Amino acid sequence: MVRIDLNSDLGESFGPWAMGDDASMLDIVTSANIACGFHAGDPAGILSVLKEAVARGVTIGAHVGYRDLVGFGRRVMEPSSSELIGDVIYQIGALEGLAKAAGTSISYVKPHGALYNTIAKDRRQGADVIAAIKAVNPELTLLVLAGAPIVEQAREAGLRVVCEAFADRAYNSDGSLVNRRLPGAVLHDPAIITQRMLRLVREGVVEAVDGSMVHLQADSICVHGDNPSAVLTAKALREAFEANDVQLRSFTVVSED
């Protein structure tokens, strides 16, 4: 049986400013990338989302990012290695403390936004994120972009790596994500998204913006929680997967087959 994990970026509301529908997404996804306060999220809100995730049996990951609340972590930055290592350790530690209070623990780390895209190819910042994870807990899984150089870099450093694809993002022919500033970079139609992801799961390919086919090996699919159509998209994906004998299961669950 084909298996896939469905994840989403959650816990990104800040005080009275709501971001996404976390409760509804937690009813659908199998893994939740929870903000750690640097790009989004506040402690009380994060703790609340963690408790809801525990109640639904959803796997928890630390969604670490640049220290960039104003830019929602989507602005490219060049912190020194000592700064980046310290920032990632700090964020993992903060979320681990909140997770413990909620009766759970962190299973993986997924960088956010600009940090995610930067470490995909930037070996120095990639090494800093890897070093930070290993300093806290080398057993944590790193969730990164399928096909990117960071995959082998992290594996060579001894981390368990899981590759993901994005349901609601357009791809370039080299497997990178289309810049959000460009038209069509973010997808919104659940029907189109579902068709693309079913093909990815079945054939291991996704159509790029130039019409070429990009081969991707992915064990997890992300639906961004801040996308206005996030809940509809995630629900459509779950229903389509279940109707086509694709089992939804967190990538942290070891297969018994």
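This briefing walks through the nonpolar core, the cysteines and one helix of the structure above. Keep in mind that the model is predicted. Its largest nonpolar core has 74 residues, and the count of disulfides comes to zero.

**Nonpolar core**
- Within the 74-residue core, the members that touch the most others are I34, I92, L95, M197, I221 and F241.
- If you set aside neighbours within four places in sequence, I92 is in contact with A62, V64, I106, V109, I133, V136 and L140.
- As general background, nonpolar side chains tend to be buried together in soluble globular proteins.

**Cysteines**
- The structure has zero disulfides by the distance rule, which asks for two cysteine sulfur atoms within 2.5 Å.
- C36 is in no disulfide, and the nearest cysteine sulfur, that of C222, is 15 Å away.
- C36 is buried, with a relative accessible area of 9%.
- C163 is likewise in no disulfide, with the sulfur of C222 as its nearest cysteine sulfur at 14 Å.
- C163 is also buried, at 4% relative accessibility.

**Helix α5**
- Helix α5 covers residues 123-136, and its 14 residues should span 20 Å at 1.5 Å a residue; the end C-alpha atoms are 20 Å apart, which agrees.
- At the N-terminal end of α5, D122 acts as a cap, with a side-chain oxygen 3.0 Å from the backbone nitrogen of R124.
- The buried residues in α5 include Q125, G126, D128, V129, I130, A132 and I133.
- Among the elements covering those buried residues are α3 (81-101), β4 (108-109), α4 (113-119), β5 (141-145) and α6 (150-156).
- I133, one of the buried residues of α5, is also one of the contacts of I92.

Note on methods: Residues numbered from 1 in each chain as written. Predicted model: local features only at pLDDT ≥ 70, side-chain atom pairs only at ≥ 80, totals over all residues. Heavy atoms only, no water. Core = buried A, V, L, I, M, F, W, Y, C linked by side-chain atoms within 4.5 Å. Buried < 20%, exposed > 50% of the residue type's maximum accessible area, 1.4 Å probe, protein only. Contact = heavy atoms within 4.5 Å. Helix = DSSP H or I, 4+ residues; strand = E, 2+ residues; numbered from the N terminus. Expected span 1.5 Å × (residues − 1). Polar contact = N/O pair within 3.5 Å; in protein donor to acceptor, adjacent residues only side chain to side chain.
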